[in-house]
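Here is a quick tour of one model, written for someone who likes to poke at coordinates. Have the viewer open and follow along.

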Amino acid sequence: MTSSALPTPVPRQFLSSTVRRVAKAAAFVALGFGPAAQAAGTAIRLQDDRGTTLELQAPARRIVSLMPSLTETVCALDACDRLVGIDRHANWPASVKGLPQVGGIDDANIERIVALKPDLVLLRPRSRAAEPLERLGIKVLALDAKTHADLRRVMETVARATGRPGAGEAYWRKLDAGLDAARARVPAGWQGRRVYFEVHGGMAAASESSFIGETLARLGLGNAVPGTLGPFPKMSPEFVVRADPDVLMVSALGEISAMAGRPGWSAMSAIKRGRVCSFASARFDLMMRPGPRLDEAADAIVGCLASLGEPKP
């Protein structure tokens with residue numbers, strides 16, 4: 001006669017410790033750590049602005065950023081604690097100023113970057129650092145925002161790289177709503193008025209086809225510089241005199257008296273009537289950067305127009 005043996009009871013203390021170990025291991029994997037995390041997770045596939053496809057086996061946790069706007073984007077997406085290095089021009093938020101600086105677009109210090117052991121480096125497509133870093137096996141994501149649509153795409157790409165898909169799109173919706181709100185605050189008399197937005201110390205201007213020009217258009221403002229000249233064309237003083245813009249927007253480094261000394265500028269209505277928006281360096285920086293403070297840039301423009309009062313014919 002054959003009998004079936006009953007299973008031997010498992011001691012309660014052994015069962016309890018096993019459950020604890022399994023639960024602890026599961027939590028460890030869920031946080032994205034340990035060898036099992038990579039096996040259990042799904043690879044993140046990204047395409048950058050060079051057309052290169054990048055594959056990350058896990059969300060980036062040690063990031064070096066070689067562009068101020070990309071640094072700001074990482075922080076805006078609540079991943080500032082993952083930054084381990086920045087370029088020399090990054091200055092927002094204030095917390096990044098204490099991070100190691102690794103140079104700039106054209107003179108990034110490869111040795112310093114490697115020493116920081118990044119699992120991802122963010123840079124511009126034209127950066128000279130991309131090739132040597134990739135030869136050393138470091139993941140590189142080249143991104144650049146030249147339009148509002150670019151900014152939207154870049155923000156979502158960075159969000160996906162940090163393991164937060166959808167966060168970039170959500171942030172863009174916030175910015176988009178901020179632009180609409182800013183437009184509603186533009187004084188009625190300024191709607192449709194033409195702006196001359198000076199950059200590079202007066203050597204060039206932001207045209208209709210530039211990132212800044214797109215912001216001006218969203219606010220219902222015109223642009224004295226046509227987009228057919230390129231995003232930031234070099235301008236002659238004579239061109240500006242002929243264009244006779246309704247308002248000048250410049251860095252605070254430029255003085256109105258100095259501008260009046262340019263050939264023919266003293267006769268311009270904007271100079272004669274004091275219609276000049278002069279922005280402090282920090283404020284001008286954020287206006288020049290295609291990043292997550294786009295709504296603040298719009299607010300600065302509207303604030304200055306409001307301070308000038310309603311324009312007279």
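Leaving out residues up to four places away in sequence, Gly213 touches Ser207, Glu208 and Asn223. This is a predicted model, by the way, so read everything below as computed from it. Gly213 sits in helix α8, which covers residues 211–218. Is Gly213 buried or exposed? Its relative accessible area is 5%, and under 20% counts as buried, so Gly213 is buried. If you want a distance to check, try Gly213 to Val195: C-alpha to C-alpha they are 9.2 Å apart, with their positions 18 residues apart in sequence.

Stepping back for a moment, the protein has 313 residues, and 45% of them count as buried. Its secondary structure adds up to 13 helices and eleven strands. Take the contacts between residues at least 6 apart in sequence: 58% of those join residues at least 24 apart.

Now for the core. How many residues does the largest nonpolar core have? The number is 61, and the residues with the most contacts inside that core are Phe197, Leu221, Met249 and Leu305. Helix α13 supplies the largest share of this core, eight residues. In soluble globular proteins generally, nonpolar side chains tend to be buried together. Leu305 is a handy one to click on: once neighbours within four places in sequence are set aside, Leu305 is in contact with Val186, Trp190, Leu221, Val247, Met249 and Cys277. Two of the names in that list, Leu221 and Met249, also appear among the residues with the most contacts inside the core.

Helix α13 (residues 294–308) also packs against helix α12 (residues 281–288), with the axes 8 Å apart and an angle of about 125°. That angle lies outside the 65 to 115 range for roughly perpendicular and is not over 145, so α12 and α13 are oblique to each other. Their crossing is left-handed. On the α12 side the contact is made by Arg283, Leu286 and Met287, and on the α13 side by Glu296, Ala297, Ala300 and Ile301. Sorted by class, that contact has five nonpolar residues, two charged ones and no polar ones.

On to the loops. Ser127 lies in the loop between β5 (120–123) and α5 (130–135). With a relative accessible area of 7%, Ser127 is buried. Not counting residues up to four places away in sequence, Ser127 touches Leu66 and Ile105.

Some backbone details deserve a look too. Most residues other than glycine have a negative phi, and most peptide bonds are trans. Against that background, Trp92 and Pro93 are joined by a cis peptide bond, with omega at about -10°. Pro93 belongs to the loop between β4 (83–86) and α4 (110–115). Then there are Asp78 and Lys117, each a residue other than glycine with a positive phi. Here is how they line up:

| Residue | Phi | Loop | Relative accessible area |
|---|---|---|---|
| Asp78 | near 60° | between α3 and β4 | 62%, exposed |
| Lys117 | near 50° | between α4 and β5 | 65%, exposed |

Why do Asp78 and Lys117 count as exposed? The cut-off is over 50% relative accessible area, and with 62% for Asp78 and 65% for Lys117, both are exposed.

Key: Residues numbered from 1 in each chain as written. Predicted model: local features only at pLDDT ≥ 70, side-chain atom pairs only at ≥ 80, totals over all residues. Heavy atoms only, no water. Axes fitted to C-alpha atoms, helices over the stretch in contact; angles between N-to-C directions. Helix = DSSP H or I, 4+ residues; strand = E, 2+ residues; numbered from the N terminus. Parallel < 35°, antiparallel > 145°, perpendicular 65-115°, else oblique. Left-handed = near helix turned anticlockwise from the far one by under 90°. Contact = heavy atoms within 4.5 Å. Nonpolar A, V, L, I, M, F, W, Y, C, P; charged D, E, K, R; others polar. Core = buried A, V, L, I, M, F, W, Y, C linked by side-chain atoms within 4.5 Å. Buried < 20%, exposed > 50% of the residue type's maximum accessible area, 1.4 Å probe, protein only.
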